[in-house]
Amino acid sequence: MKVSRTVRAAAVTVGLIGAVAGCALGGNRTGAVTPDGQEPGDARPAERPGTVTYASAQRLPERTAPDGTTIVVGNPAARSTVHVYEDPRCPVVEEFERTTGAALQKLLLDGEIKAEYTLASFRDVRLGGDGSKRAVNALRAALEKGKFVEYHAVLFENQAAVESGSGFTTERLLRLADEVPGLRDEAFDLAVRTMKYSSFVTASQQAYQRTGDDPIGPGTPTIVVNGHHIDGGLYGVNFDANLFSLMVKDLHKNPGNWDLAYKDIQDGVEVGES
């Protein structure tokens with residue numbers, strides 16, 4: 001359990017645990033989350049059959065899962081899954097992507113981990129407007145072009161500036177799409193302008209609301225590793241790239257360590273080093 005103890009000691013020492021609150025409609029909530037594993041189809045194929053590592057983010061496979069709302073990124077045969085629940089307008093999601101997004105992408109490139117995204121849009125209710133819905137629709141349109149990974153990165157790289165201005169308007173979403181080579185064409189622009197994937201936006205929000213114990217959803221970001229909700233005493237690990245990578249790799253190699261080393265921290269139980 002050497003890695004597990006390293007994660008625990010570092011997290012407690014640095015004071016990361018429980019340091020950040022997520023976005024939620026009615027405050028901060030936690031709840032048990034156990035997303036179903038998916039067997040996705042292909043929207044962007046791997047470089048060749050049997051490939052388990054990828055040269056760049058542009059080469060990562062991406063597709064929708066059979067449930068129609070989960071977006072799956074990475075090696076379809078990966079044994080471990082990081083499920084991420086995000087609202088594009090949530091500033092704490094922006095912090096997660098800014099601090100830990102690159103670490104998650106490195107895990108995906110190594111091919112042993114895949115990521116699943118459920119995109120919420122509840123922030124529109126709190127903030128007004130329809131920026132979250134328009135961003136989720138645009139991300140779904142990017143997936144159709146095999147550009148979800150790249151466009152997702154661009155949106156969160158610009159989220160803080162966008163939200164301090166006019167927000168995710170149609171024109172802003174199209175201008176940001178210019179930063180992804182090969183994304184914009186007549187079909188993509190039309191999909192963004194007409195909210196072509198509005199049914200996906202609604203279904204994704206409903207899937208988010210069905211997650212956990214709270215009927216309006218668990219808050220964002222919510223991170224689940226192999227069915228284990230990284231919240232409570234572990235929540236701060238989501239915002240430290242090194243600790244996050246250590247934990248995901250450890251749970252990938254040693255699934256039993258959740259009960260041996262992590263669950264007590266999540267529950268806020270004092271654990272010795274013996």
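1. Both R89 and D124 are buried in this predicted model. The two residues form a salt bridge in which the closest N and O atoms are 2.9 Å apart. The contact links distant parts of the chain, since R89 belongs to the loop between β3 and α2 whereas D124 belongs to helix α3 (residues 123–127), 35 residues apart. The pair is also part of a network of salt bridges, in which R89, D124, K133 and E163 are linked.

2. The count of salt bridges comes to 12. Among them is the contact between E171 and R193, whose closest N and O atoms are 2.5 Å apart. Because E171 lies in helix α7 (residues 170–177) and R193 in helix α8 (residues 186–194), this pair ties together parts that are 22 residues apart in sequence. E171 is partly exposed, with a relative accessible area of 39%, and R193 is likewise partly exposed, at 42% relative accessibility. The buried state of R89 and D124 may be set beside these values.

3. A further salt bridge brings together the side chains of R134 and D130, at 3.1 Å from N to O. D130 has a relative accessible area of 33% and is therefore partly exposed. In another contact of a basic side chain, the charged end of R140 sits over the ring of F200, 5.7 Å from the centre of that ring.

4. A search of the whole structure finds 1 disulfide. The bond joins C23 to C90, with an S to S distance of 2.0 Å. The torsion about the S-S bond of C23 and C90 is about 95°, so the disulfide is right-handed. C23 lies in the loop between α1 (2–14) and β1 (62–64), and C90 in the loop between β3 (80–86) and α2 (91–110); the pair therefore ties together parts that are 67 residues apart in sequence. With a relative accessible area of 4%, C23 is buried; the value for C90 is 0%, and C90 is buried too. The loop between β3 and α2 that holds C90 also holds R89 of the salt bridge with D124.

5. Which residues of β4 point one way, and which the other? I113, A115, Y117 and L119 point one way from β4, K114, E116 and T118 point the other way, and all are buried. Strand β4 (residues 113–119) is accordingly described as mostly covered, with 7 of its 7 residues buried. The buried set includes the residues K114 and E116, which a reader may wish to inspect in the structure.

6. Strand β4 pairs with two strands, β2 and β3. Strand β2 (residues 71–74) and β4 pair in the antiparallel sense over 4 bridges, and I71 stands opposite Y117 in β4. The pairing of β3 with β4 is in the parallel sense and extends over 7 bridges; here S80 has I113 of β4 as its bridge partner. Together, β3, α2 and β4 make a right-handed β-α-β unit.

7. Six is the number of aromatic pairs found by a search of the whole structure. One of these is formed by F96 and F244, which are edge-to-face, 6.2 Å centre to centre and with 75° between the planes. This pair links distant parts of the chain: F96 is in helix α2 and F244 in helix α10 (residues 241–253), 148 residues apart. Both F96 and F244 are buried. Helix α2, which carries F96, is the helix of the β-α-β unit with β3 and β4.

8. Some backbone details deserve a check. Most residues other than glycine have a negative phi, and most peptide bonds are trans. The peptide bond from T220 to P221 is cis, with omega near -5°, and P221 is found in the loop between α9 (198–209) and β5 (222–225).

9. Positive phi values occur at M195 and at N226. M195, which is not a glycine, has a phi of about 55° and lies in the loop between α8 and α9. At 17% relative accessibility, M195 counts as buried. Phi of N226 is near 50°, and the place of N226 is in the loop between β5 and β6 (228–229). N226 is partly exposed, with a relative accessible area of 30%.

Conventions
Residues are numbered from 1 along each chain as its sequence is written. This is a predicted model: local features need pLDDT of at least 70, side-chain atom pairs count only at pLDDT 80 or more; totals for chains, interfaces and linings use all residues. Side-chain values use heavy atoms; hydrogens and water are left out. A disulfide is a pair of cysteine sulfur atoms within 2.5 Å. Buried means under 20% relative accessible area, exposed over 50%, partly exposed in between (1.4 Å probe, protein chains only). Two strands pair if DSSP finds at least two bridges between them. A crossover is right-handed if, with the strands pointing away from the viewer, the path from the first strand over the helix to the second runs clockwise. Rings of Phe, Tyr and Trp (its six-membered ring) pair if their centres lie within 6.5 Å; planes under 30 degrees apart count as stacked, over 60 as edge-to-face and the rest as tilted. A charge sits over a ring if NZ of Lys or CZ of Arg is within 6 Å of the ring centre and within 35 degrees of the ring normal. A salt bridge is a side-chain nitrogen of Lys or Arg within 4 Å of a carboxyl oxygen of Asp or Glu.
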